[in-house]
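Subject: Structure handover and findings

Hello,

Here is the structure for you to load. My notes on it follow below.

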Amino acid sequence: MLRFMDEESVAVEDIGDAVRQHRALKTATLYRIALLDAQLVQRPILLRNANPTGQEALVAAGVTSVEEASVFAILPSGDFEDIRLFEAYDLYGREVEQLIFFVTDRIYRFMINDAQLAWGQSEITGRALRQLAALIYDEVTLYQERPATGDRRRVDDADLIDLSQGGVERFVTSHLV
């Protein structure tokens, strides 16, 4: 739920700063949020309001064919939550500090500990998995669970994991091993 401070309007309000500082949003002309792309490169985007639609976030990211893209909010739990193209999404109320987007017609879901994440490519590197885990956990040594054999395999940066196989891939950080 949006809460605004009773003070002067500012030109740009950073939603992530307000969330981290546990303070109300300032009324602003534009709202800044961090955006990750499929290479996990982070950059800021500016939105006209703190309740953007998925389309508004994608346009702010420079995506021209928004119908071929997906945008997700990265929740404090680490879960990825889909932001629909034409439905307003309360970034501040959901305590979202970052968004991630993919230009793709397929999304592959996987788990890191109890967090459900999504990826817009059929393969993901161990390095990308570790970067995503670092958004959630201090400990970033990852293991891939192998239900068929009951064991776990360490995931190194150079590893390439195929997410297109049947079922949801599951990864755990070292504090759960």
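A word on naming before the findings: helices and strands here are DSSP runs, with at least four residues for a helix and at least two for a strand, numbered from the N terminus. Please keep in mind that this is a predicted model.

**Overall**

The protein chain has three helices and 13 strands. Its radius of gyration is 17 Å, close to the 16 Å that the globule rule gives for 177 residues, so the chain is as compact as a globular protein of that length. Along the principal axes, the C-alpha atoms fill a box of roughly 60 × 35 × 25 Å. Of the 177 residues, 44% count as buried. Take the contacts with a separation of 6 or more: 52% of them join residues 24 or more positions apart.

**The five-stranded sheet**

One open sheet has five strands in the order S8-S7-S13-S10-S11. Its pairing is mixed. The edges are S8 (115–119) and S11 (151–155), each paired on one side only. From one strand to the next, the twist averages 35 degrees.

Both kinds of pairing can be located. S7 (residues 108–112) and S13 (residues 169–173) run parallel and are joined by three bridges. Within that pair, methionine 111 has arginine 170 of S13 as its bridge partner. S10 and S11 pair in the antiparallel sense, over five bridges. There, arginine 146 is matched with aspartate 151 of S11. S10 and S11 also form a hairpin, with four residues between them. Glycine 150, in the turn, has a positive phi of about 80 degrees.

**Helix H3**

H3 packs on this sheet. The helix touches S7, S8, S10 (142–146), S11 and S13. Its direction makes about 60 degrees with that of S7.

Which residues of H3 (residues 126–134) are buried? They are Gly126, Ala128, Leu129, Leu132 and Ala133. Seen down the axis of H3, these buried residues fall within an arc of 160 degrees, so they line one face of the helix. The general background is that an α-helix has 3.6 residues a turn, so residues three or four places apart point the same way.

**Threonine 141**

This residue lies in the loop between H3 and S10. Is threonine 141 buried or exposed? Its relative accessible area is 17%. The cut-off for buried is under 20%, so threonine 141 counts as buried. Leaving out residues up to four places away in sequence, threonine 141 touches Arg130, Arg154, Val172, Thr173 and Ser174.

**Nonpolar cores**

The largest nonpolar core has 27 residues. Those with the most contacts inside it are Ile15, Ile33, Leu91, Val96 and Leu99. Six elements each supply at least two residues of this core: H1 (15–20), S2 (28–36), S3 (42–47), H2 (54–60), S4 (69–74) and S6 (98–103). S2 gives the most, with four residues.

Leucine 91 deserves a look in the viewer. Not counting residues up to four places away in sequence, leucine 91 touches Ile15, Ile33, Leu47, Ala50, Asn51, Pro52, Ile83, Val96 and Leu99.

Another core lies apart from this one. That core has 26 residues, among them Leu40, Leu117, Trp119 and Phe171.

Best wishes

Notes:
Residues are numbered from 1 along each chain as its sequence is written. This is a predicted model: local features need pLDDT of at least 70, side-chain atom pairs count only at pLDDT 80 or more; totals for chains, interfaces and linings use all residues. Side-chain values use heavy atoms; hydrogens and water are left out. Buried means under 20% relative accessible area, exposed over 50%, partly exposed in between (1.4 Å probe, protein chains only). The arc is that of the directions from the helix axis to the C-beta atoms. Two strands pair if DSSP finds at least two bridges between them. Axes are lines fitted to C-alpha atoms, for helices over the stretch in contact, and angles run from 0 to 180 degrees between N-to-C directions. Contact means heavy atoms within 4.5 Å. A nonpolar core is a set of buried Ala, Val, Leu, Ile, Met, Phe, Trp, Tyr and Cys residues joined through side-chain atoms within 4.5 Å. The radius of gyration is taken over C-alpha atoms; the globule rule is 2.2 Å times the number of residues to the power 0.38.
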